[in-house]
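Here are my notes on the structure, point by point. Please read them with the model open.

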Amino acid sequence: MLRCCAFFAALILVGFTTLEAHADGRVALVIGNSEYRNIPALKNPDTDAENVSKTLRLAGFNVFVAKDVTKLQFEEKFRNYLAAVDGADLAVVYYSGHGFQIGGENFLIPVDASLKDAADIEVQAIKLDDVLEQLRSKSKIQVIILDACRNNPFPRKDYWLRDQLIVSGDTGLAQVKSSLNTLIAFATEPGAVAYDGTGALSPFSSAFSRRALAPNQEIRAVMAAVRRDVVKATNGKQVPWENSSLVDDVVLMRNDEPEGQQVMVEQTQPASERGLHITGAAEAVDNHGVSIPVGVGPVPLKLDFPTNDPAVSLKLASYPATGTLSLPDRTLSPESSLMADDVDHLRYEPQIGSAAPVEVGFQISAGKASKRATMKLSPSVDPCDQAAGAPLDLQGVAPGRQPNEIGGGAVEACETAVKTYPDVTRFRYELGRALLASGKVDEARKAIQEAADKGHVRAVFELGYIAASGTGTTVDPTKANSLYSQASDKGDPYAMAAWGRALFNGLGVQSDTGKGLDLLLKAAAMGHINAVNDLAVIFQEGRNGVPADSVRALAFLRAGIERQGVYSMSILGLPARSALPVAVCKPKVVRKIITKIKVVKIPTPTTPPVTETPVKPKQNDTWPAPWRGSDGDHDRPSRPSGDVGAPETDNTGTPEGGSTGTSDTGSTVGSDTGSIGLF
């Protein structure tokens, strides 16, 4: 690798070749799953992931790294990654771990998967097609690299997929149909098994990391070189394979400087003066600590560097553990160097989902003099995101709040954010949510419409809710379904649930049970609890041609409990709002207690009692459990007067993205917001 030049005697070299990539929206997610809990551990994935993540950082990518992830951890990490990749030129996903095919569909396996029951694949594994679909809706080019072509290690071989019970494939992964501008690389050919190799790295990841940093090499040439290396290392037993529909060139490691270009600058400062420059520069860096907002793009660090002496240079001695450093014209890598007059233009963009402070180390040099300096940067979430962020918003940066959890100071916080960051569309949408919660419907609708027009997908869903509920306007289910469909196509889980429910039950649209079920499954896979509950009821009762299966229903209720689903708990008779909620939510407790779902029929009393608690709440009495954010549970807010600011609803009059009520022609009774008494 070429490194930036050092200073020699009275001459310095400027305009050198660098390892820096352009700041053009290149984001990678790297996953390594080794320590499986219910099957033998794998040897290499953790080290493979570490090696590949370092490689992609050297190429200038913003790299999200996840090791030994459970299903819930994957959902969270993937949502944060999707928020970062929104609008990116290039999205890369590398996965090393267990993966296998069922009915021609590929699944990646989290470390906590047990896959004992036929329904477990739907709630415990990750469907590769869902990952691809999300990336296609958000990025220009997608590259998926799979070092996961292994045998199915689980005893069970038949699993539910939608409305069919299908036997899993014997070996490897299935071929994937790629859409335009997608490359999918497999560690070996479809249906074949990849090897771990004899070293710390798999033959595939070792070859990829070695070849990926070749300057200005198009990725298809890189993969051809990787294939040659792996075939040689495995004596022809493993042949990497890729499926490409790329129409644009993809270069992982860019080098746009003419090779060998050098500009000679005479150094005239005496050694003592250069020493003063270095000391002052080091103090400027060491004394610099700043809070950096998350999700607003690269933020200038404003170091106020004391010198622009061309004899002074800075080399990155330690790159931040998360996030990216950049200059206006390029992203910096761990091998980057800067000139003194570059430093005042230095920027940092925190990684979404990472709250820990990071350090950036520089080696500052001039001539033979050199000094180390470190700055500290602290990611922070804007008050608007904290006060009015939406749950499961794939363009959001915070866990989110339900509508009735939005407090009185949210409008002011979001107005400030919109004014400070006029180009960040998310704040305009969150301002609309805050205004809606405060009763300012017309202003809210205007802000939400502006956000939708500027590309915020959840805002499109929100407009669908407004049309469905008639909030400040006439009820229009046709318009609502159209908006739900648009937002669903862009990958929003709330819209997937609402549109899927409408299709499954034929609510304001011609019924399409298969597509509706598929959308509900996708929403559930993204962590949408009410979609999980809808599916549990569909499978428990058997609806619209989908066969009843209480074991399958139980699998989804367990998934709801793992995600703190109050409605899921209430169905199974668990405390919905315990003062100590931790104990009832642990999967191991659930496995010991719950073995089946029992349907209990309550006879109608001949004489009404003096006081009677209805089995079902009123249709509009749907309120969420306390919000569980990064700082714990919040008290249940007081109920607002009237309909304005009440929980947002879909076209069935239920909470924002919630389940459907008794008028929903057979969809789920109640929502994930309280005890319902479904069965």
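1. Start with helix H15 (residues 513-525) and helix H16 (residues 529-541) in this predicted model. Their axes come within 8 Å and cross at roughly 135 degrees. An angle from 115 to 145 degrees counts as oblique, so H15 is oblique to H16. The crossing of H15 past H16 is left-handed.

2. Which residues make that contact? H15 supplies Leu517, Leu520, Leu521, Ala523 and Ala524. H16 supplies Ala531, Val532, Asp534, Leu535, Ile538 and Phe539. By class, the contact of H15 with H16 has 10 nonpolar residues, one charged and no polar. Asp counts as charged, so the charged residue here is Asp534 of H16.

3. Next, helix H13 (residues 477-489) and helix H14 (residues 493-505). They pack at an angle of about 130 degrees, and their axes are 8 Å apart. That angle makes H13 oblique to H14. H13 passes H14 in a left-handed crossing.

4. On the H13 side, the contact residues are Asn481, Tyr484, Ser485, Ala487 and Ser488. They meet Ala495, Met496, Ala498, Trp499 and Ala502 of H14. How does the contact of H13 with H14 divide by class? Seven residues are nonpolar, three are polar and none is charged. Asn and Ser fall in the polar class, so the three polar residues are Asn481, Ser485 and Ser488, in H13.

5. Now helix H9 (residues 410-420) and helix H10 (residues 425-437). Their axes come within 9 Å and cross at roughly 160 degrees. Angles over 145 degrees count as roughly antiparallel, so H9 is roughly antiparallel to H10. The H9 crossing past H10 is left-handed.

6. From H9, the contact takes in Ala410, Val411, Cys414, Glu415, Ala417 and Val418. From H10 come Phe427, Arg428, Glu430, Leu431, Ala434 and Leu435. Nine of the residues in the contact of H9 with H10 are nonpolar, three are charged and none is polar. Glu and Arg count as charged, so the charged residues are Glu415 of H9 with Arg428 and Glu430 of H10.

7. Turn to Thr182, in strand E11 (residues 182-186). Is Thr182 buried or exposed? Its relative accessibility is 0%, so Thr182 counts as buried. The side chains of Thr182 and Gln142 are joined by a polar contact of 2.6 Å. A polar atom of the Thr182 side chain also lies 3.4 Å from the backbone oxygen of Ser179.

8. What else does Thr182 touch? Leaving aside residues up to four places away in sequence, Thr182 touches Leu132, Arg136, Gln142, Asn243, Ser244, Ser245 and Leu246.

9. Strand E11 also figures in the packing of helix H5. H5 spans residues 203-211. Its buried residues are Pro203, Phe204, Ser205, Ala207, Phe208 and Ser209. These pack against helix H1 (45-58), strand E4 (90-96), strand E8 (141-147), E11 and helix H6 (219-233).

10. Last, the chain as a whole. The protein chain holds 20 helices and 24 strands. Of its 679 residues, 56% are buried. Among contacts with a separation of 6 or more, 69% involve residues 24 or more positions apart.

How values were computed: Residues numbered from 1 in each chain as written. Predicted model: local features only at pLDDT ≥ 70, side-chain atom pairs only at ≥ 80, totals over all residues. Heavy atoms only, no water. Helix = DSSP H or I, 4+ residues; strand = E, 2+ residues; numbered from the N terminus. Buried < 20%, exposed > 50% of the residue type's maximum accessible area, 1.4 Å probe, protein only. Polar contact = N/O pair within 3.5 Å; in protein donor to acceptor, adjacent residues only side chain to side chain. Contact = heavy atoms within 4.5 Å. Axes fitted to C-alpha atoms, helices over the stretch in contact; angles between N-to-C directions. Parallel < 35°, antiparallel > 145°, perpendicular 65-115°, else oblique. Left-handed = near helix turned anticlockwise from the far one by under 90°.
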